[in-house]
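Dear colleague,

I am handing over the structure below, and my notes on cysteines and on pockets follow it. Please read them with the coordinates open.

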Amino acid sequence: MQDFVAIDFETANGCRSSVCSVGIVVVRGGVTVDKFYSLIKPTPNYYTYWTTQVHGLTRRDTDSAPLFPEVWSQIADRIEGLPLVAHNKPFDESCLKAVFTEYGLEYPDYDFYCTLAASRRCLKLPSHQLHLSAAACGYNMENHHHALADAEACAAIALKLL
């Protein structure tokens with residue numbers, strides 16, 4: 001796969017619609033041509049202790065951030081016609097569908113691929129967590145659980161395995 005968009009969401013709480021940040025990496029011809037990151041004011045707007053422990057974001061970080069529809073309007077044209085790739089597709093795809101539903105938006109029928117599944121198929125690792133799969137593909141990941149950093153690692157895995 002040489003043309004795709006790697007995408008990653010972080011959530012504020014256990015609700016899939018509570019996306020609080022998004023990162024995308026647009027790859028064309030096997031080369032990164034665009035990157036985008038934004039904080040998002042989540043819906044519902046509260047953070048759990050555990051999610052903050054994972055990504056470090058709090059309500060203070062996102063209370064003045066744009067809502068999802070405004071952020072997605074900056075993404076939609078960039079990714080049009082490209083398949084989406086995520087590490088643990090069921091999570092990111094369910095977040096995207098949930099937040100579209102939350103705002104009454106019509107969900108485009110995105111093709112979605114999973115680098116976690118590809119890692120499990122192709123790599124012999126004790127764990128297929130994003131940073132370990134990325135390292136096995138020659139990508140040194142920094143800032144794990146930052147949506148853009150995670151999308152960049154996902155793109156590196158996709159270029160090697162998909």
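A disulfide is taken here as a pair of cysteine sulfur atoms within 2.5 Å. With that cut-off, a search of the whole structure, which is a predicted model, finds zero disulfides.

Two of the cysteines show why. The sulfur of cysteine 15 has its closest cysteine sulfur in cysteine 95, at 10 Å, which is too far for a bond. Cysteine 20 also has cysteine 95 as the holder of its closest cysteine sulfur, and the separation of 9.5 Å is again too far for a bond. As for their surroundings, cysteine 15 counts as partly exposed, with a relative accessibility of 31%, whereas cysteine 20, at 0%, counts as buried.

The other finding concerns open space. The largest pocket holds about 350 Å³, and of the 16 residues that line this pocket, those closest to its centre are Asp8, His87, His144, His145 and Asp150. The elements that each give two or more residues to the lining are strand E1 (4-11), helix H1 (49-55) and helix H4 (89-102), and the largest share, four residues, comes from E1.

Which classes of residue make up that lining? Sorted by class, eight of the lining residues are polar, while four are nonpolar and four are charged.

In short, the search for disulfides gave zero, and the largest pocket, of about 350 Å³, has Asp8, His87, His144, His145 and Asp150 as the lining residues closest to its centre.

Best regards

Notes:
Residues numbered from 1 in each chain as written. Predicted model: local features only at pLDDT ≥ 70, side-chain atom pairs only at ≥ 80, totals over all residues. Heavy atoms only, no water. Buried < 20%, exposed > 50% of the residue type's maximum accessible area, 1.4 Å probe, protein only. 1 Å grid on protein atoms, 1.4 Å probe; cavity = no way out; pocket = protein on both sides within 12 Å on 5 of 7 lines; lining within 4 Å. Points joined across faces, edges and corners; volume = space filled by probe spheres on them. Nonpolar A, V, L, I, M, F, W, Y, C, P; charged D, E, K, R; others polar.
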